[in-house]
Each structure stands twice: as C-alpha cells, then as structure tokens.
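Please look through the sequence and the model shown here before reading on. The report that follows moves from one residue to the next and then to the whole chain.

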Amino acid sequence: MQETVTISDNNRAPTAFSPFEWMLAGRYLRARRKEAFISVIAGFSFLGIMLGVATLIVVMSVMNGFRTELLDRILGLNGHIIVNPIDGPLSDYAELSEKLKLANGVELAIPLVEGQALVSGNVGSGGGALIRGMREADIKSVNTIADGVKDERYGQGTLDGFDTGEGVAIGYRLASNLGLALGDEITLISPNGDVTAFGTTPRVKSYPVNAIFHLGMSEYDSSFVFMPLEESQLYFNKEGRVDVIDIYVDDPDAIDEYRTGIENAAGRLIFLSDWRNRNLSLTQALDVERNVMFMILTLIVLVAALNIISGLIMLVKDKGHDIAILRTMGITRSAVMRVFMMTGSAIGFVGTIAGLIVGIVFTTYIQEITRFVSWLAGRDVWDPTTRFLSEIPARFDYWEIGSIVVMALVISFLATIFPAWRAASLDPVEALRYE
C-alpha cells in the first residue's frame, strides 16, 4: 500500500532541514520487505564504519602506548644526555657531577662505569650481561631502578648499604634464567683481567645477589647487573675514574636548550650525546609504523563509505517513483538532495559513534581481554620475552581520537554527495512516463 505524506500547510515547500525532510530520511532508513537487500547494504556500511573507527582507535592507542612505554623505560634507565671526556679520563667525576647538577634544567648527574661480562649462576650460563657501576645515592635516585626493586610481584631485596657491601642488583629475568634467589652468588667473567707475564688473564669473581628488580622491559630485566661504583672500578681496572656521566634533565624533548649550560658548567672539554641519537632508529621505526598503520586502517572506513554509496544509489533507483511524485508536489531539487544526504550521513554518524564507544571500551579493558583470550587459547598470547614489554600498553590521545571521528564523519558525508546529486537530478517526467 502506497504511503502518503503531507509536505506542509498550504502546499508550501518545506524549509531546509525541516521536520518533513528528517521524517522522510528516517523512513528511507527503515527496512521494508522489498528493500531488504538495500537495508543489508546499509547494515554492512554501519558495521564497516563502526569496525574501522574502533580498530583505528584501538591500534593507534596501543601504538601510542608502545612508544610512550618504550621511551619511558629507556629514558628512565639511561640518561637524557651522556657526557663523554675529550681532554682526559673522568677522574674528577665527583666534582664534575656536582658542577653539572648546577646547570639549568639538570635534575641528576650520575657517574657510571660500564662494562660487559659473561654471567653464570646455579643453572647453566646466562650469556652476556651489561655491568653498570653506580653509587648508592645515585641508584636510589633513579626511580625506575628503585621502584623496580620495590615491585610487589617480582622485586626483592633492598638497595640499602649498596656502597658498603659487595653485593649486586640483577633483573628478575636474569635471576630466573640463572636459577638465582636473594643471597645466592652470581659469577662474572670478564676478559679484561689481570696482566701477567703470559698476557691478560680473564677475571672471574662471584658476588652475592642483594636485590632483584623488575623494570618491565624484558631486555633490561635479563641483561643488566648493577654493581657498587668502587667495586666496578676495581673489577674493570678503572680505579679512580668513570666512563661517562649520565645527565637527567627536566624536559627530555628540549635537549638542545640545555647543551650550552651544561658545557659551560663542566669547565672542561666534553662531548655530549643525547637519547635521540642513541635511539634514533627505534623512534623513526615507531613513527613510520604508526603512520603506515593509520593509512592502512583508514581503508576500512573508505570501504564502508563505498558501501554507503552503493546502498544509496540502489535506494535512489528504488525510490525513483516516490521522488518524481514529491517533485511534482513542489519539493525542490535541494530538498531531495538533503534527504538522501541525511539518510547516508545518519549511517556514518551512528556507525562512527558506535565505533568510538567500542574502541574506547576495548582499549580500556585490553589487559582483561588479553587474559581472557590467553585463557581460551590455553597459552600466553602475549610473550614479553619477544615483545620487550610485560603487558600490552595503551594510551589515549584525545586529539588523535577526535581526528579519527572527524575523518570518519567527513568520509561518510562525502560518500552521500554523488547519490544525493543523482536523486536531485532525476527528471519527474521520465520517472513517471512508464508508470
């Protein structure tokens, strides 16, 4: 039975975006038996936009979380600026570190002895490890290490008395690999040992494990050993000197602003390198991957927009008779165009809002979802030994989420222009000629 509509009182054409136009657009969105295929296309368009927006939000939030977590862990353990000597060894490290602390923006200046050694414990060999010699006050001032020792799940022991004892602090993964617990001894083997008449002999020495830390980054937890500064100087034949001084500043992104002040405060020839140079390949790879993923996932929204176009074209073809009657009753071309644009835009708007909600909820509970999937699969689907971080990080960037929503709405709106223009261009005479 043909539905009848009333345009307005006195047969006047409705105004732009009038209740009549909204009502007509709403009727075109409702499914009827003979329009079932068109409604299916509209449903797929809705699902496509919803999944596209949700996937973009989840993936971009996880990638933002990866970048933030990796840089926080890297910068939390390593200095933002590294001071290397030019005119001689850093034998005046105690005095120099105090001078550097007075420079503008400098929070910490930590003398370090660094070296590599083979490690072994109760169970086999742990391979190579990076040995880092630090003073007790300095190691406690680095929050990443101090908090790692206090970690409720994996941290053990204490850093108190770190300078006075001969014990070391090791990562929990290294302790697990070597079968070590608090109080057990870890053996360090360095090729640069004592010099004898027969050449240099390897240095082998065992140290008690006084602390076990958890930094949340598998590479660090399985390869770092922290040793008292004076003991590391003796072990690596560097008595009275250090290798570098790590500087932590207020704003790691404003490194260039601190360089001049640090060089002037040093009062000697030094070479400065910063965290950007040391991690250039990592940050560039993360940025490239993030941009490429955004472009690839945007294709999901574009495919959904094509579904809107095809669905509206079929709707225009099906409603050609109705459009012709409305035109003869006084509906303008612009009114017809607005009706079909509102019909298509409604699909895009509802799909975008649904995708926004799904994306935010999924990202918020991503850890719980990961544990549920691991339970279903019967194994851990997130292996921290291959993915560096202990859990999936996620960080919302509300400007980015806003841009995703705006992009989806704009694409959905643009997708309605051509079908709406075809509807408005329909000739009533031609449409009714064979009726």
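## Four residues and their surroundings

Apart from neighbours within four places in sequence, S190 makes contact with Q116, A117, P202, R203, Y235 and F236. This comes from a predicted model, in which S190 belongs to strand 6, a strand that covers residues 185–190. Because buried means under 20% relative accessible area, S190, with 1% relative accessibility, is counted as buried.

A second buried residue is Q233, whose relative accessible area is 6%. Q233 sits in helix 8, which is made up of residues 229–235. When its neighbours within four places in sequence are set aside, the contacts of Q233 are with Y93, V113, K238, E239, G240, R241 and V242.

Where does G183 lie in the chain? G183 is placed in the loop between helix 6 (172–178) and strand 6. Since exposed means over 50% relative accessible area, G183, at 52%, counts as exposed. Although G183 and Y207 are 24 residues apart along the chain, their C-alpha atoms are separated by 9.2 Å.

D253, too, is found in a loop, namely the one between strand 11 (244–249) and helix 9 (255–266). With a relative accessibility of 61%, D253 is classed as exposed. Which residues form a negative surface patch together with D253? The other members of this patch are E107, D250, D251 and E257.

The table sets out the accessibility of these residues.

| Residue | Relative accessibility | Class |
|---|---|---|
| S190 | 1% | buried |
| Q233 | 6% | buried |
| G183 | 52% | exposed |
| D253 | 61% | exposed |

## The protein as a whole

The protein has 435 residues, and 45% of them count as buried, while its secondary structure includes 17 helices and 12 strands. How much of the accessible surface belongs to carbon and sulfur atoms? The accessible surface comes to about 22200 Å², and 59% of it belongs to these atoms. If one takes the contacts between residues at least 6 apart in sequence, 78% of them join residues that are at least 24 apart.

Methods:
Residues are numbered from 1 along each chain as its sequence is written. This is a predicted model: local features need pLDDT of at least 70, side-chain atom pairs count only at pLDDT 80 or more; totals for chains, interfaces and linings use all residues. Side-chain values use heavy atoms; hydrogens and water are left out. Patches are made of residues with over 30% relative accessible area and no salt bridge: like charges are joined within 9 Å, nonpolar side chains (Val, Leu, Ile, Met, Phe, Trp, Tyr) within 5 Å. Accessible areas come from the Shrake-Rupley method with a 1.4 Å probe; for residues, only the protein chains shown count as cover. A salt bridge is a side-chain nitrogen of Lys or Arg within 4 Å of a carboxyl oxygen of Asp or Glu. Lys and Arg count as positive and Asp and Glu as negative; His and the chain ends are not counted. The place of a charge is taken as NZ of Lys, CZ of Arg, CG of Asp or CD of Glu. Helices (H or I, at least four residues) and strands (E, at least two) are DSSP runs, numbered from the N terminus. Buried means under 20% relative accessible area, exposed over 50%, partly exposed in between (1.4 Å probe, protein chains only). Contact means heavy atoms within 4.5 Å.
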